[in-house]
Amino acid sequence: MSDVLIKISGLYKVFGKNPQEALAQVKAGKTKDELLVETSHTLGLEDINLEINRGEIFVVMGLSGSGKSTLIRHFNRLIDPTAGSITIDGVDVMGLSSSELREFRRHKISMVFQRFGLLPHKTVQENVAFGLKVQNIGKVERLEKAGKWLQDVGLSGYENQFPSQLSGGQQQRVGLARALCTDADILLMDEAFSALDPLIRSEMQDQLIDLQERLQKTIVFITHDLDEALRLGDRIAILRDGKVVQVGEPKDILLNPADDYVESFVKDVNRARALTVETVMKAPKYRITADTIGEALAQMKTLKSDYGYYVSDEGYQGVVTQESLEQALKAGSEESDTKDSVVDDVPVLSTQDLLENVLPETLDNAHPLAVVSEDGKLEGQLSRGEIAKVLGNN
Amino acid sequence: MSLSWLTEFPEMDRSDLLAIRKTLDAAYRDFSRSYGDAIESVFDPLLRFLVWFEQLLLNTPWLIIIAVILTIVYRASRAWKLTVGVAISLGLIGYFGMWDDTMRTLSIITVCTLLSIVLGIPIGILMSGSKRIQGIVTPILDVMQTMPAFVYLIPVVMLLGIGKIPGVIAVVIYAIPPVIRLTNLGIRLVDKEVLEASAAYGANRWQTLWGVQMPLAMPTIMAGINQTIMMALAMVVIASMIGVKGLGQPVLKAITNQYFTLGLFNGLAIVALAIIFDRVSQAYAKRAQRHLGGDHHE
C-alpha cells in the first residue's frame with residue numbers, strides 16, 4: 001500500500017564559498033562545528049534520506065537551526081543541494097532544466113509559507129488565483145476557480161478584500177487556498193501555522209485534517225512544535241543539526257524515542273492527547289462466538305474467565321459476563337440467543353479515540369473495555385492497567 | 001637640490017599641465033566638430049517633441065489649460081481643497097504676467113521627468129538584479145549628484161550648442177539619480193517570502209518583475225519620481241543659463257540686475273509649480289497604495 005512519491009537520498013547542503021570542498025571534508029568525517037570553525041562553511045543538511053508516501057502527511061520536526069526550512073526548500077528546489085538526489089513521482093528533480101522546473105512547480109508541487117507570502121496589492125481572490133495566473137490561465141476561469149477554493153477554506157465573502165484587511169488565520173487560509181488552487185499533488189507547508197495564535201492554530205490544524213481527508217494530497221509539513229507534529233503527522237521525521245535522528249509514526253516517536261534528544265522532546269508531550277486507543281490496545285483475550293446461552297457458558301468455562309466479548313458474524317455485539325449469562329439462562333433456556341444476555345451499559349471504545357477522551361470510561365470499569373473499528377469489528381481491548389502504564393511511563 | 005618638496009607640494013611642471021589641458025581640449029573640440037552634428041541629429045526627434053509640446057501649452061487658451069490641469073489634479077488626488085489651491089495658484093501666476101514662462105517651464109519639466117522615468121526605471125531594475133551593475137552604477141550616480149552642474153554643462157554646450165536639448169540633458173543628468181536609486185532600493189526591499197512564493201508557483205523572471213517586484217516597490221519608486229521632479233525644478237535657473245526659456249530666465253535677469261521683486265515673483269512661481277507637482281504625485285501615490293496599510297474599514 002505504501003507508494004513512495006518523494007524519495008530523497010544522500011542529500012547534503014553546505015553553505016559557503018566553496019561548498020564542494022567543504023563537503024569532501026564532511027564526508028571525511030568532519031563535524032558541523034569543526035567545519036564552521038575551520039572553514040567558515042555551514043553544514044545545513046547532512047546525509048538526508050527520506051521516503052514519503054503518496055497521500056500521507058509527513059511532518060518534519062526540528063528546532064530552529066535544525067535545517068528543516070532548508071530541507072523543505074529542496075523539494076521544489078528553491079534551494080539547490082550540494083549533493084544528493086531528489087526524485088518526485090519518478091522525476092529526477094535535480095535533472096530538470098529551469099523551464100522544466102518552472103512547469104514542475106506550476107503543476108506538481110505548491111507551497112504555503114510561514115508569514116503567508118501574499119501579494120499585498122492584490123485582492124484575496126486574485127491572490128488565490130496567483131498560481132493559475134502564472135500558468136497564463138484566463139482571468140474568468142482562474143477567478144472562478146479561486147472563488148471555489150476560497151469557499152472551501154471558509155472565506156467566501158472576503159473575495160475582494162486585501163490581505164492586510166484579514167486576520168493572520170484568515171490570511172493563512174488564503175495561502176492554503178492558493179496552494180490548493182493549482183491542483184498540485186504535493187503541498188509543502190513551511191511552519192504554516194507557527195505564526196498564528198494557539199487557538200487559531202488548532203482550528204487550522206482541524207481544517208487541514210478535514211481537507212486532507214477529502215483531497216488525499218501528499219503533504220510535507222514543517223514545524224517546531226511536537227504537539228502539532230503528533231496531531232497532523234501520519235509519519236514524523238525528527239531533524240537535529242541537519243541530520244534525521246528518527247523517522248516513524250507518532251506512536252513510535254512517543255513510545256520508542258530513538259535517542260535522548262528525541263526523548264527530551266517527548267517527555268513534555270501530553271500522551272493522553274497524542275495517542276489513540278489503537279496504539280495502546282491489546283489483542284482481545286476473551287472472545288465469545290457461541291450464539292446460544294448454553295454454548296456461551298461452556299465457552300466461558302474453557303476460557304477460565306467471568307466475562308467475554310460476544311462477537312457474531314455481524315461483528316462485535318457487546319459484553320457478556322458469567323452472571324448475565326446465568327440470569328439469561330434462568331429467564332429462558334439453553335437455546336436462547338446469546339444476544340439476550342449482553343450487559344447493557346458497558347461503554348465501547350473506538351480505535352480512533354484519543355486516550356484523553358476514553359480515560360473516564362476505562363478507569364470506571366474493572367474489566368478491560370472492547371475496542372471496535374469503524375465497521376464494527378472487535379479490534380482489541382483496553383484495560384485501566386494498560387492506560388496507567390502508558391501514561392505513567394515518563 | 002634643496003628640500004623644498006617638504007614644504008611645497010611637488011607639483012607637475014606647468015608646461016606639462018598646460019599640454020594636458022590643451023590636448024584634452026583640442027581632442028574634445030575635434031570630437032565635437034566632427035561628431036557634433038551627428039549627435040545633434042540623434043536628439044532631433046526629442047527636440048521636435050519638445051518644441052511641439054511647448055507650442056501646444058503656449059497656443060492653447062489658458063482657460064483650457066487650467067481646466068485640463070485641474071482635471072488631472074482632481075482625478076489623481078480626489079481632493080477638493082488641493083484642486084482649489086492649484087486653481088488659485090495658477091490664477092495668480094497668470095495675473096502677475098508669468099503665464100507664458102510658466103508654460104515653458106512646465107513643458108520642459110514634464111519632458112525631463114518623463115525622460116528620467118523612462119531611462120531611470122530600467123536602469124534601476126538592472127541594478128537591483130545584479131550586484132556588479134549596482135557596483136558600477138552607484139559611483140556614477142554619486143558623481144552625477146555632486147559634480148557642479150556648470151562643469152558638465154561645458155562639454156554639453158560644446159557638443160550641442162545652447163538651447164533646449166543641452167538644457168534637457170543637464171536637467172536629466174541632475175534629476176535622474178533619485179529615480180534610479182529608489183527603483184533599485186524598492187526592488188531590493190521586496191519581502192523575500194513573497195518572492196519565494198512567486199518562484200515556488202513557477203513564475204518566470206518577467207512575471208516576477210511585473211507581477212510582484214514592481215508593484216511592491218512602487219511606493220519607493222514613487223518617492224524617487226517625486227524627488228526627481230523636485231530636482232528638475234531646482235535646475236530650471238541653471239538651465240536658463242544655457243538658453244532654456246521659462247521661469248529661470250527672469251530669475252537670472254533679476255540676479256544680474258538686482259531686481260528683487262522680479263526674482264521673488266518668478267521664484268514663487270517655481271515654488272508653486274513644485275508644490276503642485278509634489279502634492280499631486282504624493283496624493284496619487286497614497287491613494288494607489290491605500291490597501292497596503294491594513295485599513296479594516298473599507
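Start with chain A as a whole: of its 394 residues, 40% count as buried. The model is a predicted one, which is worth keeping in mind at each stop.

**Stop 1: chain A, whole**

Show chain A as a cartoon and colour by secondary structure. The chain has 18 helices and 16 strands. Align the view to the principal axes; the C-alpha atoms then fill a box of roughly 85 × 55 × 35 Å. The radius of gyration of chain A is 27 Å, against a value near 21 Å for a compact globule of 394 residues. If you draw a contact map, count the contacts in chain A with a separation of 6 or more: 65% of them join residues 24 or more positions apart.

**Stop 2: the two domains**

Select residues 4-108 together with 184-269 of chain A; this selection is domain 1. Then select residues 279-392 of chain A for domain 2. Place a centroid on the C-alpha atoms of each selection: the centres of domain 1 and domain 2 of chain A are separated by 43 Å.

**Stop 3: a sheet of three strands**

Now zoom in on β11, β12 and β13 of chain A, which form an open sheet in that order, with mixed pairing. Strands of a sheet pair through backbone hydrogen bonds, either parallel or antiparallel, so turn on the backbone atoms here.

The edges are β11 (287-288) and β13 (315-321) of chain A, each of which pairs on one side only. Select residues 307-312 of chain A for β12, which pairs with β11(A) in the parallel sense over two bridges. To find that pairing, pick A:Arg287, which stands opposite A:Tyr309 in β12(A).

Move to the other pairing, where β12(A) and β13(A) run in the antiparallel sense over six bridges. Pick A:Tyr310 here; its bridge partner in β13(A) is A:Gly318. Follow the backbone from β12(A) to β13(A) and you pass through a hairpin of two residues.

**Stop 4: the contact with chain B**

Bring chain B back into view. The contact between the chains takes 21 residues from chain A and 21 residues from chain B. On the side of chain A that touches chain B, the elements giving two or more residues are α4 (98-107), β6 (109-112) and α6 (130-134). Which of the elements gives the most to this side? Select α4(A), which gives four residues. Finally, colour this side of chain A by residue class: eight residues are nonpolar, eight are polar and five are charged.

Note on methods:
Residues numbered from 1 in each chain as written. Chains lettered and ligands numbered in written order. Predicted model: local features only at pLDDT ≥ 70, side-chain atom pairs only at ≥ 80, totals over all residues. Rg over C-alpha atoms; globule rule 2.2 N^0.38 Å. Buried ≥ 20, exposed ≤ 12 C-beta atoms within 10 Å, placed from the backbone. Contact = placed C-beta atoms within 7 Å. Nonpolar A, V, L, I, M, F, W, Y, C, P; charged D, E, K, R; others polar. Domains from an automatic or database assignment. Pairing = 2+ DSSP bridges.
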